[in-house]
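Colleague: Could you take me through one part of this model in some detail? I would like to look at the place where the chains meet, and then at what lies behind it.

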Protein chains: 2
Amino acid sequence: MQMTGQRQRQADRTAATRTKLIAAARDLFAEKGYAATSTPEVVAAAGVTRGALYHHFAEKLGLFRAVVEEEHALLAMTINAAAGGDDELGPIKALLQGGDAFLTAMQDPGRRRILLIDAPAVLGRAELDAIDARHGLRTLVEGLSAAIDAKAIRQLPLQPLAHLLGALFDRAALADAHALPDYRKAVRALIRGLKV
Amino acid sequence: MQMTGQRQRQADRTAATRTKLIAAARDLFAEKGYAATSTPEVVAAAGVTRGALYHHFAEKLGLFRAVVEEEHALLAMTINAAAGGDDELGPIKALLQGGDAFLTAMQDPGRRRILLIDAPAVLGRAELDAIDARHGLRTLVEGLSAAIDAKAIRQLPLQPLAHLLGALFDRAALADAHALPDYRKAVRALIRGLKV
DNA sequence: TTTGCATACATACAGCCTGCCTGTTATGAA
DNA sequence: TTCATAACAGGCAGGCTGTATGTATGCAAA
C-alpha cells in the first residue's frame, strides 16, 4: 500500500516549505525585527516565492505567529531538559532553578528580540499570553501552585502572581550579560521574599 | 522692543504645529497602534500637511518618540501629584503608594498601548530605558535607595532591582481592570518580601 | 491508465505608505 | 525695502503588502 507513502510526499512537501519559510523568517526577524523584515527578503532567504508564502500563511503576521509558536516550544523544551530533572528539590528551589534555566535559554539575542520585544507589540498582549499559557507560563503556574500547596510561599492569587513572576524573568532576560548576575540576585531575593 | 514678540510668533507657530501633530498622533497611536497608523492619517487629523510633519520630524519614528516623551512626562506629573505629598511615610509605604499611583495613572488604555506595548518594540529597549531613566524610573531608584539606606529593605543591586520592580508594575498595569486588585495584592506582597 | 479535482505553488497587479525633493509663502534681521 | 531663512505645500520614486489569476504537481476514482 503506497497510499501512505504518496500522501506523505504531499505532506512532506508542505512541511518542507513551511519549515524553510519559518527558519528563514526566524533568522531575519531575530536579526532585524518584524517591521524591518520584508516578505521578499524572507522568501529569498528561504529559496521559495511569495506565492508559496501566501499559500501557507494568510498574511505576514501569520508567519510571525508561527515563528513565535515554534520559538516558544523550543524554549519550553530547553528549559524542561535543563530543569525538569530534579523532582525532589523543594518548591522554592525548583522555582529558582527553573528561572535560572529560563535565563540561560534566553541568552540568544534573536530569541529575546522575537519573544520579548516584538511579539507583545505585533501579536498583542492577549494573544501572546494565550501562547505563553500553553508553554512556559503553565509550568510556572504549576510550580507556584505546588509551592503554595506545600505552604512554602504565601498564599496569593495564582494567575496574577505567575504573570508577575513571568514579567520579572522576562525583564531579567533582557539585561545586559554583564549585569545578569545582579539581576539574578534580585530576582532570587524577590522570590525568596514570598516565603511564608 | 518687539523682537521678543516677533520671535515669539515664530516660536508659537512652530509650537502650535508640533502640538497639533503630537496630539493627533497620540490619539491615533493610542487607538490603532504605531504600525497601523499612517502619516496621512495623522496630518489629516492634525489639519496640516505631510510637508509640515516632515519639516518638524525627520521620520515617522521621531513623531512617535515625541509622543512617548510627552506621555512619559504627563505620567510622571500625574504620579508626583498623587503620591508626592506625604514625605514622612516610611520608605516601603512610599513605594507602595507610588506604585498605586502608577497603576491608577496607567488605567488609560491608550497610554498603556503607547508606553507598554508599542514603545519597547518601536524604540527598542535601550532607548525606552533612557527615556524612562529620566522620568519614572528615577523616582523609583530614589525611593529604593532611600529604603535601602534606611535599612527598610534588603541590600540589593539598585539598578537591577529598580528595573525589575518597574517591569512588575508595568505588567500589573496591563492586567484587566477586574483582575487589578489581585495584581495589586501580589505586587505588594513581592515588595513587602524585600523587607530586611 | 486516464480523468478530474484539489493542493501547491508562480507571477503580475493594484493600492498604499514612507521619505525625499523641489517649489512657495511667511517671518525676521539689516 | 531687501534678503536670508524658517515653515510649510505638493509631487515623485521606490518598496511593500495582499490579492487575483494562471500553472504544475499530486492523487483518488473510474
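Modeller: Happy to; I will begin with the contact between the chains and then move into chain B. Please keep in mind that this is a predicted model.

Let us start with how the copies are arranged. Chain A is superposed on chain B by a rotation of 180 degrees, with 0.0 Å of shift along the axis and an RMSD of 0.0 Å. That is the relation of a two-fold axis. If you want a landmark for the axis, go to A:Gly193: its C-alpha lies 1.9 Å away, the closest approach of any residue of chain A. The copies meet through the same surface, because 100% of the interface residues of chain A are interface residues in chain B as well.

Now the contact itself. Chain A brings 29 residues to it, and chain B brings 29 residues too. The size of an interface is often given as the accessible area lost when the parts come together. Here the area buried between chain A and chain B is about 2600 Å², and carbon and sulfur atoms give 76% of that. Three residues are worth picking out on the chain A side: A:Leu164, A:Arg171 and A:Leu190 supply 25% of the area that chain A buries against chain B, more than any other three residues.

A:Arg171 deserves another look, as this residue also forms a salt bridge across the contact. Its partner is B:Asp129, with the closest N and O atoms 2.9 Å apart. Between chain A and chain B the count is 2 salt bridges, and there are 4 residue pairs in polar contact. As for the elements involved, helix H6 (109-123), helix H7 (125-134), H9 and H10 of chain A each give two or more residues to the side that touches chain B. Among these, H9(A) gives the most, with 10 residues.

From here, cross over to helix H10 of chain B, residues 180-192. This helix has 13 residues and reaches 18 Å from its first C-alpha to its last, close to the 18 Å expected at 1.5 Å a residue. Its buried residues are B:Leu180, B:Tyr183, B:Ala186, B:Val187, B:Ala189, B:Leu190 and B:Ile191. What do they pack against? The buried residues of H10(B) have neighbours in both chains: helix H9 (158-173) and helix H10 (180-192) of chain A, together with helix H5 (91-105) and helix H9 (158-173) of chain B.

The link from H10 to H5 within chain B includes a salt bridge. The side chains of B:Asp100 and B:Arg184 meet at 2.9 Å, N to O. This pair links distant parts of the chain, with B:Asp100 in helix H5 and B:Arg184 in helix H10, 84 residues apart. B:Asp100 is partly exposed, with a relative accessible area of 23%, and B:Arg184 is likewise partly exposed, with a relative accessible area of 23%.

Another salt bridge in chain B connects B:Asp108 and B:Arg26, at 3.4 Å from N to O. These residues also sit far from each other in sequence, 82 residues apart: B:Asp108 is in the loop between H5 and helix H6 (109-123), and B:Arg26 is in helix H1 (residues 3-32). B:Asp108 counts as partly exposed at 31% relative accessibility, whereas B:Arg26 is buried, with a relative accessible area of 16%. A further pair is B:Lys32 with B:Glu41, whose side chains meet at 2.3 Å, N to O. B:Lys32 is partly exposed at 30%, and B:Glu41 is partly exposed at 27%. Over all chains, the structure holds 24 salt bridges.

Last, a stop at helix H4 of chain B, where B:His72 is found (residues 60-83). The 24 residues of H4(B) should span 34 Å at 1.5 Å a residue, and the end C-alpha atoms are 35 Å apart, which agrees. The buried residues of this helix include B:Leu63, B:Phe64, B:Val67, B:Val68, B:Glu71, B:Leu75 and B:Ile79. B:His72 counts as buried because its relative accessibility is 8%, under the 20% cut-off. Leaving aside residues up to four places away in sequence, B:His72 touches B:Leu115, B:Leu128, B:Ile131, B:Asp132 and B:His135.

Terms used. Residues are numbered from 1 along each chain as its sequence is written. Chains are lettered from A and ligands numbered from 1 in the order in which they are written. This is a predicted model: local features need pLDDT of at least 70, side-chain atom pairs count only at pLDDT 80 or more; totals for chains, interfaces and linings use all residues. Side-chain values use heavy atoms; hydrogens and water are left out. Helices (H or I, at least four residues) and strands (E, at least two) are DSSP runs, numbered from the N terminus. The expected span of a helix is 1.5 Å times one less than its number of residues. Buried means under 20% relative accessible area, exposed over 50%, partly exposed in between (1.4 Å probe, protein chains only). Contact means heavy atoms within 4.5 Å. Copies are superposed by least squares on the C-alpha atoms of residues with pLDDT of at least 70 in both. Buried area is the accessible area (1.4 Å probe) that two parts lose on being put together, summed over both. A salt bridge is a side-chain nitrogen of Lys or Arg within 4 Å of a carboxyl oxygen of Asp or Glu. A polar contact is a pair of N or O atoms within 3.5 Å; within protein, one must be able to donate a hydrogen and the other to accept it, and residues adjacent in sequence count only if both atoms are side-chain atoms.
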